[in-house]
Amino acid sequence: MAEKLSNMIDDLTSEQLLIAFGSEMADRIIDRTQDGKDVRGRKFKAYSKKYFEAKRDGEFVRQASQFKPSSRKDVNLTLTTDMLNSLKVKRVSKKKVTIGMPPQEAVKANSNERLGRAISTTKRPISKDDEKFVDKFFNKRIVSAMNKNSGAVSITIG
């Protein structure tokens, strides 16, 4: 029994599974951010008039034109795509996956948080929708691992 439990835990904490999970979480955060929602599911604070006009008019070097805002409230934290595209799996250990971005991009994310545009915080690293995704992701694999590692039960009466 202990060996089967150990096998099940190994199936749930394999490096490949944690990498896939971390990559999916990063993609979800990017999608939510480009949808204009913060980690709490609220719309981002509007751009200043000056910043909105410059971004709308394509005045920034290397600006990703597909993310030009149509109004001050059309906030997606995507100017060049560098910050969000840098969100990746950084480390995987036996039972943990860490996603993050390089320091120069993390500085941008932190600056946006101070402006009322948090993609993640210490108190709320992921959104409530992402918490549901985590539950679904691992519950599905728990059932699969239990089925894979359980023996057939046979009951005979009489």
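This report walks through a predicted model of one protein chain, from its overall layout to its cores and salt bridges.

## Overall layout

Let's start with the big picture. The chain carries six helices and two strands. Going along the sequence, they come in the order α-α-α-α-β-β-α-α, with the two strands sitting between helices.

Of the 158 residues in the chain, 33% are buried. About 10,600 Å² of the chain is exposed, and carbon and sulfur atoms supply 53% of that area. If you look at contacts with a separation of 6 or more, 60% of them join residues 24 or more positions apart.

## Helix H2

H2 covers residues 15-34, which makes 20 residues. At 1.5 Å a residue it should span 28 Å, and its end C-alpha atoms are indeed 28 Å apart, so the expected span and the model agree. Just after H2 comes Gly-36, which has a positive phi, near 90 degrees.

Quite a few H2 residues are tucked away. The buried ones are Leu-17, Leu-18, Phe-21, Gly-22, Met-25, Ala-26, Ile-29, Ile-30, Arg-32 and Thr-33. Note that an arginine, Arg-32, is on that list; Arg-32 turns up again under the salt bridges.

## The nonpolar cores

The largest nonpolar core is made of 14 residues. Within this core, the residues with the most contacts are Leu-77, Met-83, Leu-87, Met-101 and Ile-119. H2 and helix H4 (82-85) each put in at least two residues, and H2 gives the most, with three.

Met-101 is a handy residue to click on. Setting aside neighbours within four places in sequence, Met-101 touches Met-83, Ser-86, Leu-87, Lys-90, Ala-106, Ala-109 and Ile-119. Three of these partners, Met-83, Leu-87 and Ile-119, are also among the residues with the most contacts inside the core. Apart from this core lies another, of eight residues, among them Leu-17, Leu-18, Ile-126 and Phe-138. Leu-17 and Leu-18 are both H2 residues.

## Salt bridges

Side chains of opposite charge can pair when their charged atoms come close. A search of the whole structure turns up seven salt bridges. One of them pairs Asp-130 with Arg-28, at 2.8 Å from N to O. Asp-130 belongs to helix H6 (residues 128-149) and Arg-28 to H2, so this pair ties together parts that are 102 residues apart in sequence. The two ends sit in different settings: Asp-130 is buried, at 3% relative accessible area, whereas Arg-28 is partly exposed, at 25%.

Another salt bridge joins Arg-62 and Asp-82, whose closest N and O atoms are 2.9 Å apart. Here Arg-62 comes from the loop between helix H3 (49-56) and H4, while Asp-82 is in H4, and the partners are 20 residues apart. Arg-62 is exposed, with 53% relative accessibility, and Asp-82 is partly exposed, with a relative accessible area of 25%.

## One more pair and a network

Glu-131 and Arg-124 also meet through their side chains in a salt bridge, 2.9 Å from N to O. In this pair Glu-131 is partly exposed, at 34% relative accessibility. Arg-124, by contrast, has a relative accessible area of 18%; buried means under 20%, so Arg-124 counts as buried.

Finally, Arg-28, Arg-32 and Asp-130 are joined into one network by salt bridges that share partners. Arg-32 is the buried H2 arginine met earlier, and Asp-130 is buried too.

Definitions and conventions: Residues are numbered from 1 along each chain as its sequence is written. This is a predicted model: local features need pLDDT of at least 70, side-chain atom pairs count only at pLDDT 80 or more; totals for chains, interfaces and linings use all residues. Side-chain values use heavy atoms; hydrogens and water are left out. Helices (H or I, at least four residues) and strands (E, at least two) are DSSP runs, numbered from the N terminus. Buried means under 20% relative accessible area, exposed over 50%, partly exposed in between (1.4 Å probe, protein chains only). Contact means heavy atoms within 4.5 Å. Accessible areas come from the Shrake-Rupley method with a 1.4 Å probe; for residues, only the protein chains shown count as cover. The expected span of a helix is 1.5 Å times one less than its number of residues. A nonpolar core is a set of buried Ala, Val, Leu, Ile, Met, Phe, Trp, Tyr and Cys residues joined through side-chain atoms within 4.5 Å. A salt bridge is a side-chain nitrogen of Lys or Arg within 4 Å of a carboxyl oxygen of Asp or Glu.
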